[in-house]
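Please look over the chain below before reading on. The paragraphs that follow take up its aromatic rings, a pair of packed helices and two loop residues.

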Amino acid sequence: MASGAKPGSGQSRTRRRRGGGTGNPTLAAVLNVALLLIGSFIIAVSFNIFLVPLGIASGGVSGISILVERLTDIPPAYTQWALNVPLFLLGLWLLGRRFALKTALGSFILPLFVLLTSHWEAPTDNAMLASIYGGIGVGAGLGLVFRGRGSTGGLDLAAQLLHKFTGIRLGLAVACFDGLVIIAAGLIIKPENALYALVGLFVTSKTIDFIQSGFSMSKVAFVVSNHSDTIAQVVLHDLDRGLTKLGARGGYTDAERTVLMIVVSQGEVSRLKQLVRAADPDAFVIISDTAEVVGQGFSLP
């Protein structure tokens, strides 16, 4: 396997596209903390104005705090602190100092924002709208927190502990904890609320993906051609994109072939197809979505 990229212009394009990246560790740390604070505030507001008033407990410590409030009238912020602190200490003990430092600020600041915004009024009494907009707000906030390489603690800590000591996949562990909270919501509040909680959880996960990937969904193209060298030069110099050459063998002819793998932005797809068609009208081209691309010429996470 071999790869190539156009010197000079490709590197300058990389610097332009990375944009937000910085080589200054102090500035990067400040930016990460800012994203954690902004994200936590958005989560808290969405939680208080959409989820709490209608009892939509869509998993996590926040969902547990809604259930506790319904049963005991204890404000959600206090329940979140009461659960986050022992989970944080357990994580510090079992998972190490580096992991604990990553979750310390989020575990404290999110319940604080929940407390400070607890008096904000709900803009709707429609449970479906509340679950959708609450899911969007929580997902957007979590997406910002994750982009800042932070964590808000909660049941994510418990899920990581379960993953570490039982071998259960992390995603499955998170789903199990969230599922238990949603089932409890259906039993403690009413079954309909569990359904709304599922809607909110789904919207949250999709919003997190969107915040992480952004608008610029990339495409990956595989080009099979007898003129792969010509197409490679066109892509490198006219499209100004790098590519990777993959060795392959035809299933019918058993002949050796070179497959070109090219990652492009959505806006470059038409131009790529035009260039390939001009170089070889008989080329076989496969173009599909790719969820995330990290590296030279594309945004950093």
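Which residues do ring pairs link into a cluster? They are F41, F113 and W120. The model is a predicted one, and the geometry below was computed from it.

Some context for the whole chain comes first. Its secondary structure comes to eleven helices and five strands. Of the 301 residues in the chain, 40% are buried. Among contacts with a separation of 6 or more, 75% are between residues 24 or more positions apart.

Back to the rings. A pair of aromatic rings is described by the distance of the centres and the angle of the planes. The count of aromatic pairs in this model is five. One of them joins F41 and F113, whose centres lie 5.6 Å apart with 90 degrees between the planes. Planes over 60 degrees apart count as edge-to-face, and the F41 and F113 pair is therefore edge-to-face. F41 belongs to helix α2 and F113 to helix α5 (residues 97–116), so this pair ties together parts that are 72 residues apart in sequence. The two partners are not equally covered: F41 has a relative accessible area of 35% and is partly exposed, whereas F113, at 15%, counts as buried.

Another pair is formed by F50 and Y133, with 6.0 Å centre to centre and 25 degrees between the planes. Planes under 30 degrees apart count as stacked, so F50 and Y133 make a stacked pair. F50 sits in helix α2 and Y133 in helix α6, and the pair links parts of the chain that are 83 residues apart. F50 has 12% relative accessibility and counts as buried; Y133, with a relative accessible area of 46%, is partly exposed.

The second pair leads to the packing of the two helices that carry it. Helix α2 (residues 25–54) and helix α6 (residues 127–147) pack with their axes 7 Å apart, at an angle of about 165 degrees. Angles over 145 degrees count as roughly antiparallel, and α2 and α6 are therefore roughly antiparallel to each other. The crossing of α2 past α6 is left-handed. On the α2 side, the residues making the contact include N32, L35, I38, I42, S46, F50 and L54. On the α6 side they include A130, Y133, G137, V138, G141, L144 and R147. Both F50 and Y133 are thus among the contact residues. By type, the residues of this contact divide into 15 nonpolar, seven polar and one charged.

The last stop is the backbone. Most residues other than glycine have a negative phi, and most peptide bonds are trans. Where does a residue that is not a glycine have a positive phi? D73 has one, of about 65 degrees. D73 lies in the loop between α3 (60–72) and α4 (76–95). D240 likewise has a positive phi, of about 60 degrees, although it is not a glycine. The loop that holds D240 runs between α10 (228–239) and β3 (243–249).

Is each of these aspartates buried or exposed? D73 counts as exposed, at 65% relative accessibility. D240 counts as buried, because its relative accessibility is 16% and the cut-off for buried is under 20%.

How values were computed:
Residues numbered from 1 in each chain as written. Predicted model: local features only at pLDDT ≥ 70, side-chain atom pairs only at ≥ 80, totals over all residues. Heavy atoms only, no water. Axes fitted to C-alpha atoms, helices over the stretch in contact; angles between N-to-C directions. Helix = DSSP H or I, 4+ residues; strand = E, 2+ residues; numbered from the N terminus. Parallel < 35°, antiparallel > 145°, perpendicular 65-115°, else oblique. Left-handed = near helix turned anticlockwise from the far one by under 90°. Contact = heavy atoms within 4.5 Å. Nonpolar A, V, L, I, M, F, W, Y, C, P; charged D, E, K, R; others polar. Phe/Tyr/Trp six-rings, centres within 6.5 Å; stacked < 30°, edge-to-face > 60°. Buried < 20%, exposed > 50% of the residue type's maximum accessible area, 1.4 Å probe, protein only.
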